[in-house]
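Q: I should like to learn how to read a protein model that holds a ligand. May we go through it feature by feature?

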Amino acid sequence: MASASRRFDAVVVGGGHNGLVCAAYLAGAGLDVCVLERRAVLGGAAVTEEFHPGFRNSTASYTVSLLNPKVIRDLDLAAHGLAVTLRPFANFLPLATEAGGGYLKVGGGLAATQAEVARHSRRDADALPGYYAMLDRVAGVLRDLLLTTPPAIVGPEAGVAGLLDAWKLARRFRALDLAGQRDVLDLFTKSAGDVLDRWFESAPIKAAFGFDSVVGNFASPYTPGSAYVLLHHVFGEVNGQAGQWGHARGGMGAITQAMARECARRGVTLRTAAAVARVVVKAGRACAVELEDGDVVEGRRIVANVNPRLLFEQLVPAEHLDPDFLARIRAYKCGSGTFRMNVALSELPDFAVLPGRQAQPHHGSGIVLAPSLAYMEQAYFDARTRGWSTAPIVEMLIPSVVDDSLAPAGAHVASLFCQHVHPDLGSVQPGRDWDDARDEVADLMIDTVDRYAPNFRASVVGRRALSPQDLEREFGLVGGDIFHGALTLDQLFAARPVLGHGRYRAPIPGLYLCGSGTHPGGGVTGVPGHNAAREILRDLRRRRDR
Ligand SMILES: Cc1cc2nc3c(=O)[nH]c(=O)nc-3n(C[C@H](O)[C@H](O)[C@H](O)COP(=O)(O)OP(=O)(O)OC[C@H]3O[C@@H](n4cnc5c(N)ncnc54)[C@H](O)[C@@H]3O)c2cc1C
């Protein structure tokens with residue numbers, strides 16, 4: 001076993017965007033930091049790769065909103081080339097005949113959306129301003145919590161300071177009027193369907209908003225807690241415009257490449273093709289990692305960007321963990337039921353309800369193929385019992401409409417983000433796994449788009465499909481979970497990943513967590529990395545950490 005002589009102040013396991021953000025902040029504070037990434041490219045689930053000769057696209061995550069403005073500023077990402085373009089409007093929902101036909105466009109300003117919604121329901125158009133205001137108020141509460149470390153009210157760090165922090169947080173909630181407090185409670189606990197049914201009557205508008213509640217969430221939109229997942233998708237902003245989603249020029253890899261450049265500028269050692277096999281614990285303290293090739297990298301502290309289950313089930317030897325903690329980690333829910341495809345297209349989809357093969361605003365929006373909440377619920381039930389639905393939920397984005405760096409002139413790339421497929425296929429189709437079913441389901445997704453845009457199948461000249469199993473194998477996303485763990489109330493805030501260790505510190509001294517399996521959860525936010533760095537530096541200042 002080779003042993004490196006250099007001992008870093010911090011070794012970050014995983015070069016996903018949160019690992020890079022954490023490393024940049026630590027290096028900015030003067031620490032000597034090393035990032036070890038298993039893949040050949042930095043960025044984790046936020047990368048751009050060529051998937052067909054001449055065609056590049058974001059491989060996993062594909063659209064930006066949640067990336068925190070403070071992180072963008074502090075890491076000078078714009079100076080490193082990050083440019084985010086707003087979508088022409090947010091969503092386009094072509095509707096099948098059984099859902100009334102036609103289409104719905106959402107976004108492009110309140111008046112434009114109201115005019116669109118009024119074609120389906122005058123009452124819903126009138127309800128829109130109130131709904132947006134309610135959502136914005138509750139999202140404001142969540143935004144305030146993002147950069148906050150959950151208070152230490154239980155667990156090893158609990159104390160008076162933790163109670164004081166909790167009281168300060170409660171004050172933010174109490175500042176709302178009673179209606180606002182009820183809305184917070186609703187959105188943190190109820191199903192998205194229950195919330196939306198109270199506000200709206202027409203299926204398409206409920207589908208447009210309800211789609212966010214099933215993204216990465218293997219559940220029905222009527223499952224309690226799904227309203228929180230909806231909320232989780234609206235706390236972001238693009239170029240200062242709250243709640244909007246946009247496109248990073250060059251794909252999501254442009255974000256992480258910019259982060260990597262800032263890390264390099266701050267002196268971080270960045271290593272790719274460096275898979276960590278084990279966290280080394282000596283005298284009760286994490287002090288090094290051993291790579292799969294046998295190399296050992298020493299660090300005064302180890303910071304894990306990987307999914308908590310991957311960390312504690314695979315990388316930390318079990319003898320260093322309390323059995324109750326380990327049992328709870330094993331029960332930490334992971335498995336979003338997401339199927340992700342990139343397709344290379346010879347031409348744009350020609351939608352039956354809005355014809356044309358030349359780029360139009362709807363081609364640049366998030367195209368949602370799921371006309372009602374009932375459709376989404378059925379897709380979930382089918383997947384839960386049979387593996388997938390023959391009527392799946394597909395969101396399609398065609399980034400090449402707003403970014404000519406991704407495909408040859410005249411051609412296009414599209415991201416297909418498909419929900420619901422069963423993360424553990426063998427449990428409902430004994431004897432089968434995703435390697436066996438991938439192509440069948442990829443064909444189904446293409447056929448699903450083809451039902452709305454009949455030139456689609458013939459226009460596909462190349463494709464790459466990632467099943468839940470592929471997402472786990474390729475990126476270490478346990479159960480294919482795009483958020484490093486379900487965003488359910490029992491796994492949020494101070495309980496992410498486990499109550500008592502929701503403050504970025506693992507139960508082993510010298511070991512920290514900085515990935516999406518910590519508060520505030522998944523999405524390309526940079527927030528877990530930011531918050532973890534702050535806690536590590538806080539421990540250093542208080543000399544709690546050598
Ligand atoms: C298909 C898909 C679509 C998504 N769409 C969006 C979207 O459009 N917008 C959005 O905001 N979010 C989206 N998300 C969620 C978002 O991408 C993730 O939550 C986020 O990127 C996770 O970042 P992270 O840094 O916490 O972890 P990751 O990006 O998962 O990084 C962890 C890193 O650790 C590495 N690693 C694993 N094991 C080891 C090891 N043993 N040794 C060394 N390195 C290791 C991995 O290779 C990876 O690079 C999507 C995710 C997926 C999968």
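Q: Between which domains does the ligand lie, and why is that said?

A: One looks at which domains give residues to the shell around the ligand. In this predicted model, domain 1 (3-46 + 66-83 + 250-332 + 487-541) and domain 3 (335-478) both do so, and the ligand therefore lies between them.

Q: Which residues around the ligand come nearest?

A: A residue is counted as near if one of its heavy atoms lies within 4 Å of the ligand. There are 31 residues around the ligand, and those that come nearest are Glu 37, Thr 63, His 484, Ser 516 and Gly 523. Sorted by class, the shell comprises 14 nonpolar, 13 polar and 4 charged residues.

Q: Which N or O atoms of the protein are paired with oxygen atoms of the ligand?

A: The cut-off for a polar contact is a pair of N or O atoms within 3.5 Å. In the side chain of Glu 37, an N or O atom is 2.6 Å from an oxygen atom of the ligand. The side chain of His 17 also has an N or O atom at 3.1 Å from a ligand oxygen. With Ala 45, a backbone N or O atom is involved, and the distance to an oxygen atom of the ligand is 2.8 Å.

Q: How much of the ligand does the protein bury?

A: One starts from the area that the ligand exposes when taken alone, which is 1000 Å² here. The protein buries 98% of that area.

Q: How should I read a sheet, and in what order do the 7 strands of the open sheet stand?

A: Strands of a sheet pair through backbone hydrogen bonds, and the pairing is either parallel or antiparallel. The order here is β8-β7-β18-β19-β20-β17-β21, with mixed pairing. At the edges stand β8 (103-106) and β21 (460-466); each has a single partner strand, so one side of each is left without a neighbour in the sheet. On average, neighbouring strands of this sheet are turned by 20° against each other, direction ignored.

Q: How many bridges join β17 to β20?

A: Strand β17 (residues 338-345) and strand β20 (residues 412-421) run antiparallel and are joined by 8 bridges. As an example of a bridge partner, Ala 344 has Val 413 in β20.

Q: What is the pairing in the open sheet of 5 strands?

A: The pairing is parallel, and the order is β12-β3-β2-β16-β22. Its edges are β12 (269-271) and β22 (511-513), each with a single partner strand, so one side of each has no neighbour in the sheet. Strand β3 (residues 33-36) runs parallel to β12, with 3 bridges joining them. Here Val 35 stands opposite Leu 270 in β12.

Q: Which peptide bonds to a proline are cis, and where do these prolines lie?

A: One reads the omega angle. The bond from Arg 496 to Pro 497 is cis, with omega near 0°, and Pro 497 lies in the loop between α16 (468-475) and β22. A cis peptide bond also joins His 519 and Pro 520, where omega is about 5°. Pro 520 has its place in the loop between β22 and α17 (527-541).

Q: What is the phi of Asn 239, and where is this residue placed?

A: Asn 239 is not a glycine, although its phi is positive, at about 45°. Asn 239 is found in the loop between β9 (237-238) and β10 (241-242).

Notes:
Residues numbered from 1 in each chain as written. Predicted model: local features only at pLDDT ≥ 70, side-chain atom pairs only at ≥ 80, totals over all residues. Heavy atoms only, no water. Polar contact = N/O pair within 3.5 Å; in protein donor to acceptor, adjacent residues only side chain to side chain. Areas by Shrake-Rupley, 256 points an atom, 1.4 Å probe, with all protein chains shown as cover. Nonpolar A, V, L, I, M, F, W, Y, C, P; charged D, E, K, R; others polar. Domains from an automatic or database assignment. Pairing = 2+ DSSP bridges. Helix = DSSP H or I, 4+ residues; strand = E, 2+ residues; numbered from the N terminus. Axes fitted to C-alpha atoms, helices over the stretch in contact; angles between N-to-C directions.
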